[in-house]
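Please walk through the fold of this chain from its overall layout down to single residues. The sequence and the model come first, and the explanation follows.

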Amino acid sequence: MPSPEPTVSSNLAEQLVRLTRRMHRAQKRHMAHLDIAFTPAQSRVLRIVDHCRDTPPRMADLAQRLEVVPRAVTTLVDALEANGAVRRVPDPANRRVVRIELTDTGRSTLRALRSARRAAAEEILAPLTADQREVLGGLLSTLVDGPGDPH
């Protein structure tokens, strides 16, 4: 019995997955010369901690934002702390609460990661005209900011 024809949605899903993988590979190549060995999950923790500058997040906050169990966050933060990118600090209002903040090393690493991401995106988007990039940006904004995603 022949397999059913792929639908437009399944083709788009496959293309999105392939594009995401290509983006990660390109970003990894751009980071290789920087001698930065951070996983995508660790990079995401750095971005979240940076986003919460005014009030450094607790471990539970990170777990919730990452949608993982707290133990997974502990492992990520341990690795980032060992690399000098973050530090655990006591909450001034409640000494039992530990908050996570970026160090200077973490901030410079985050800048390098963002630079590598921008370079990877430029590489991937190079075949597109300025008009095509604008259309793609609008479509991606609609998808990213659309209903159904609480983040």
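Helices and strands are here DSSP runs, H or I of at least four residues for a helix and E of at least two for a strand, numbered from the N terminus. The model is a predicted one. On that basis the chain has six helices and two strands, and along the sequence they follow the pattern α-α-α-α-β-β-α-α. The radius of gyration is 19 Å, well over the 15 Å that the globule rule gives for 151 residues, so the chain is more spread out than a compact globule. Taken along the principal axes, the C-alpha atoms fill a box of roughly 60 × 35 × 30 Å.

Some totals complete the overall picture. Of the 151 residues, 27% count as buried. The accessible surface of the chain comes to about 10700 Å², and carbon and sulfur atoms hold 56% of that surface. Among contacts with a separation of 6 or more, 51% join residues 24 or more positions apart.

Next comes the interior. The largest nonpolar core contains 22 residues, and Leu46 and Leu62 are those with the most contacts inside it. At least two residues of this core come from each of helix H2 (40-51), helix H3 (59-66), helix H4 (70-82), strand S2 (94-102) and helix H5 (104-125). Leu46 shows how distant parts of the sequence meet: leaving out residues up to four places away, Leu46 touches Phe38, Leu80, Ala85, Val86, Leu102, Thr109, Leu110 and Leu113.

One of the helices that supply this core is H4. H4 has 13 residues, and the distance from its first C-alpha to its last is 18 Å, close to the 18 Å expected at 1.5 Å a residue. Which residues of H4 are buried? They are Val73, Leu76, Val77 and Leu80. Seen down the axis of H4, these buried residues fall within an arc of 95 degrees, so they line one face of the helix. What covers them includes H2, H3, strand S1 (86-91) and S2. The face of H4 turned away from this buried side carries the exposed residues Arg71 and Ala82.

The loop before H4 has a backbone feature to inspect. Glu67 lies in the loop between H3 and H4, and its phi is positive, near 60 degrees, in a residue other than glycine. Most residues other than glycine have a negative phi. Exposed means over 50% relative accessible area, so Glu67, at 60% relative accessibility, counts as exposed.

On the other side of H4, the helix is followed by Gly84, whose phi is also positive, near 80 degrees. Gly84 is in the loop between H4 and S1 and, at 25% relative accessibility, counts as partly exposed. Where does Gly84 make contacts beyond its neighbours within four places in sequence? Its partners are Thr103, Thr105 and Gly106. The C-alpha atoms of Gly84 and Gly106 are separated by 6.9 Å, although the two residues are 22 residues apart along the chain.

Thr103 gives the view from the other end of this contact. Thr103 is found in the loop between S2 and H5, and at 9% relative accessibility it counts as buried. Apart from residues up to four places away in sequence, Thr103 touches Gly84, Ala85, Val86 and Arg87.

After that loop the chain enters H5. At 1.5 Å a residue, the 22 residues of H5 should span 32 Å, and its end C-alpha atoms are 31 Å apart, which agrees. The buried residues in H5 are Gly106, Thr109, Leu110, Ala112, Leu113, Ala116, Ala120 and Ile124. They cover an arc of only 165 degrees around the axis, which puts them on the same side of H5. The face turned away from that side carries the exposed residues Asp104, Arg111 and Arg118.

A residue from the start of the chain also meets H5. Gln27 sits in helix H1 (residues 8-32). Is Gln27 buried or exposed? At 10% relative accessibility, Gln27 counts as buried. Not counting residues up to four places away in sequence, Gln27 touches Leu113, Ala116, Arg117 and Ala120. Among these partners, Leu113, Ala116 and Ala120 are also listed with the buried residues of H5.

Note on methods: Residues numbered from 1 in each chain as written. Predicted model: local features only at pLDDT ≥ 70, side-chain atom pairs only at ≥ 80, totals over all residues. Heavy atoms only, no water. Core = buried A, V, L, I, M, F, W, Y, C linked by side-chain atoms within 4.5 Å. Buried < 20%, exposed > 50% of the residue type's maximum accessible area, 1.4 Å probe, protein only. Contact = heavy atoms within 4.5 Å. Expected span 1.5 Å × (residues − 1). Arc of directions from axis to C-beta. Rg over C-alpha atoms; globule rule 2.2 N^0.38 Å. Areas by Shrake-Rupley, 256 points an atom, 1.4 Å probe, with all protein chains shown as cover.
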